[in-house]
Amino acid sequence: MEKTQNNKAWLLVLPVLVLVAFSAVIPLMTVVNYAFNDTFGDNQFFWAGFEWFEEVLHSSRMHSALWRQLMFSGIILAIEIPLGIAIALTLPKRGVWASTCLVLLALPLLIPWNVVGTIWQVFARIDIGLMGASLAAMGIPFNIGQSPLHAWIVVVVMDVWHWTSLVVLLCYAGLQSIPEAYYQAGRIDQASRWSVFRYIELPKMKGVLLIAVLLRFMDSFMIYTEPFVVTGGGPGSATTFLSIDLVKMAIGQFDLGPAAAFSLMYFLVILLVSWVFYTVMTTLDKEEDFE
């Protein structure tokens, strides 16, 4: 006797589909509409084709913001990934201290982004900030409102303080999944600490490290709130990253066509990088299953 299928359960998904349509799909279609059309108000649109995309692609302003964005993401990954691995290796594996360390590490991740920016903006002020006032008292000139280097230092250190914990927790989870037998084999072979890390721990952390790199690249490439609160994109345009430049273009100048084209290209870059990481992670999983 053939079993009949009851597809009424799909009705439970309808509220989610409606929510996603209003929060994601409809705004995306609006952006697409502005990206290929021009308007002079009164909700009247005129076909512009790829004019806005060509304008953005040939914009020196966008090139500068992209260069700053790539440099920021590169610096963040170069600092947070090795630092996260190093901290994860020093954490206790079990006991009360392990739980305490994990809770303390998770605390920065619970702070909202705008609060993080406010904390570091006040912290770096030369009049009342602990860091800024202390450096000024020691005779060291430090001003994030005037020096691009100082602004970059504060933004980078702020991101490292905020997000290194995520890398640590992911690496710690990868280390905890390694069977004790691997370490016993290393001790029997009298392997050095570096050899244990190189041939046992690092290969077993490949999956979580790829996840950490993907998450940190995506977050750093889309960063907006923290540097905007701290520096406002300044001094000048020193910390005007892609997201800040996009907001200035869309809201500050009200150039909706170029801003919409800009945002679509921005979205496609993130989507492409995510797809590459997903492909690499899937390939690694298949290789581990084969082994």
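This text describes a nonpolar surface patch, several aromatic pairs and two charges over rings in a predicted model.

The account begins at the surface. Trp10, Leu11, Leu12, Val13, Leu14, Val16, Leu17, Val20, Val25, Leu28 and Met29 together make a nonpolar patch of about 1,100 Å². Among these residues, methionine 29 belongs to helix H1, which covers residues 14–36. Methionine 29 counts as partly exposed because its relative accessibility is 47%, and that class lies between the limits of 20% and 50%.

The aromatic rings come next. The model contains 15 aromatic pairs. In one of them, phenylalanine 50 and phenylalanine 53 are tilted towards each other, with ring centres 5.9 Å apart and an angle of 55° between the planes. Phenylalanine 50 has a relative accessibility of 54% and therefore counts as exposed, whereas phenylalanine 53, at 11%, is buried. Phe50 and Phe53 also belong to one aromatic cluster with Phe36 and Trp47.

Another pair is stacked: phenylalanine 217 and phenylalanine 221 have centres 5.2 Å apart and planes that differ by 20°. Both residues lie in helix H10, which spans residues 206–221, and they are separated by 4 residues, about one turn of the helix. Phenylalanine 217 is buried because its relative accessible area is 13%, and phenylalanine 221 is likewise buried, with a value of 3%.

Finally, two charged residues are found over tyrosine rings. Lysine 93 lies over the face of tyrosine 183, at 3.8 Å from the ring centre. Arginine 198 is placed over the face of tyrosine 199, and here the distance to the ring centre is 5.0 Å.

Notes. Residues are numbered from 1 along each chain as its sequence is written. This is a predicted model: local features need pLDDT of at least 70, side-chain atom pairs count only at pLDDT 80 or more; totals for chains, interfaces and linings use all residues. Side-chain values use heavy atoms; hydrogens and water are left out. Patches are made of residues with over 30% relative accessible area and no salt bridge: like charges are joined within 9 Å, nonpolar side chains (Val, Leu, Ile, Met, Phe, Trp, Tyr) within 5 Å. Accessible areas come from the Shrake-Rupley method with a 1.4 Å probe; for residues, only the protein chains shown count as cover. A salt bridge is a side-chain nitrogen of Lys or Arg within 4 Å of a carboxyl oxygen of Asp or Glu. Helices (H or I, at least four residues) and strands (E, at least two) are DSSP runs, numbered from the N terminus. Buried means under 20% relative accessible area, exposed over 50%, partly exposed in between (1.4 Å probe, protein chains only). Rings of Phe, Tyr and Trp (its six-membered ring) pair if their centres lie within 6.5 Å; planes under 30 degrees apart count as stacked, over 60 as edge-to-face and the rest as tilted. A charge sits over a ring if NZ of Lys or CZ of Arg is within 6 Å of the ring centre and within 35 degrees of the ring normal.
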